[in-house]
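Q: Please take a close look at one part of this model and tell me about its surroundings. After that, I would like to hear how the rest of the chain fits into the picture.

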Amino acid sequence: MKYDGLSISLIYEHGRLVRAVTRGDGVQGDDVTQNVRTIRCIPLQLTDGGEYPDEFEIRGEILMPWKSFEALNEERESREEPLFANPRNAASGTLKSKNSSVVAERKLDAFLYYLLGEQLPFDGHFENLEAARKWGFKISEGMKKARTLQEIYDFIDYWDTERKNLPVATDGIVLKVNSLRQQRTLGYTAKSPRWAIAYKFQAERACTRLNEITFQVGRTGAVTPVANMDPVQLAGTVVKRATLHNADVMKQLDLHIGDM
């Protein structure tokens, strides 16, 4: 599954979490170790009888579940603060918070999907993740080792519908070559690995009626126009308000009350 969150890299030494870093610009990220320590599903100390390597890195996504996202936006609305546009922005803003207790309150989640190190237990990417699951890491249940193109097509068809029932946001799937030896042979382009490719699901769309435009005044005095609409189910959540950013956007969209 291609989860729609914030990339994270976790470094473990002798079974203990020593560093958590965001992807940043691809070269330099932010050290968010203290905040990540508050995320319950990320183990601070591995307990399995020492079968993990002395040193390894595990990468994944930090996510905000739909339930936490809706509760956070309701709270921000009551304080007349700007709403987060989507769970990914909310997760990103939360993880960069200077206050670790705020991160703990917002109940972030994480799925991990790539193990790196010198002494990994298997040559197979899938098998290494299954091992990491036993060490205490949260690994997606929506992961399958496919041997034919048809299995891949079936997987895509299944998750294109079923992802709407997941508690977190997804926007596609990632296809990977399983053998680490073959991954090394295939190598990387300047921007991405040659052994992995993303398949993006079509963005969900829905039609609803614009009932009213209200104006939100933020703490800094910035005024944000907000569209109030008939509630509509979209990507796992009920949407009834959306920021219009500014007057130029309203003009460009040629908005009128009652528009669909």
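A: Let's start with Arg-76, which touches Glu-81, Pro-82, Leu-83, Phe-84 and Arg-106 once residues up to four places away in sequence are set aside; contact here means heavy atoms within 4.5 Å. Before going further, please keep in mind that this is a predicted model, where local features need pLDDT of at least 70 and side-chain atom pairs count only at pLDDT 80 or more, while totals for chains, interfaces and linings use all residues. Residues are numbered from 1 along each chain as its sequence is written, and side-chain values use heavy atoms, with hydrogens and water left out.

Arg-76 sits in helix H2, where helices (H or I, at least four residues) and strands (E, at least two) are DSSP runs numbered from the N terminus. Why does Arg-76 count as buried? Because its relative accessibility is 14%, and buried means under 20% relative accessible area, exposed over 50% and partly exposed in between (1.4 Å probe, protein chains only).

Just along the chain, Glu-80 lies in the loop between H2 and H3. Glu-80 counts as exposed because its relative accessibility is 53%. Its phi is near 60°, a positive value in a residue other than glycine. A similar note applies to Lys-107, which is not a glycine and yet has a positive phi of about 50°. Lys-107 is placed in the loop between H4 and strand E5 (109–116), and its 59% relative accessibility is why it counts as exposed.

Next comes helix H3, whose buried residues are Pro-87, Ala-90, Ala-91, Ser-92, Thr-94 and Leu-95. These residues pack against strand E2 (6–13), strand E3 (16–22), helix H1 (33–36), strand E4 (55–63), H2 and helix H4 (100–105).

H2 and H3 also help to line a pocket. Helix H2 (66–78), helix H3 (87–95), strand E6 (170–176), strand E9 (223–234), strand E10 (237–243) and helix H8 (247–253) each supply at least two residues of the lining of the second largest pocket. E10 gives the most, with seven residues. The whole lining has 48 residues, of which Ala-85, Leu-234, Val-239, Arg-241 and Ala-242 lie nearest the centre of the pocket. A pocket is an open set of points on a 1 Å grid over the protein atoms alone, where a 1.4 Å probe fits, with protein on both sides within 12 Å along at least five of seven lines; lining residues have an atom within 4 Å of a point. The second largest pocket holds about 1,400 Å³ of space, a volume being the space filled by probe spheres set on points joined across faces, edges and corners.

Strand E9 is also home to Met-229, which counts as buried because its relative accessibility is 19%. Leaving out residues up to four places away in sequence, Met-229 touches Thr-208, Arg-209, Leu-210, Asn-211, Val-239, Lys-240, Arg-241 and Ala-242. Val-239, Arg-241 and Ala-242 were among the residues nearest the pocket centre. For a sense of distance, the C-alpha atoms of Met-229 and Lys-98 are separated by 34 Å, with their positions 131 residues apart along the chain.

Strand E6 contains Thr-170, which is buried because its relative accessible area is 10%. Beyond its neighbours within four places in sequence, Thr-170 is in contact with Met-1, Lys-2, Tyr-3, Asp-4 and Arg-163. The C-alpha atoms of Thr-170 and Ile-197, 27 residues apart along the chain, are separated by 15 Å.

Gly-187 is found in the loop between helix H7 (180–186) and strand E7 (196–200). Gly-187 is buried because its relative accessible area is 15%, and it touches Pro-193, Arg-194 and Trp-195, not counting residues up to four places away in sequence.

Finally, here is the overall setting. The protein has eight helices and 10 strands, and its C-alpha atoms fill a box of roughly 60 × 45 × 35 Å along the principal axes. Of its 260 residues, 38% are buried. Among contacts between residues at least 6 apart in sequence, 60% join residues at least 24 apart.
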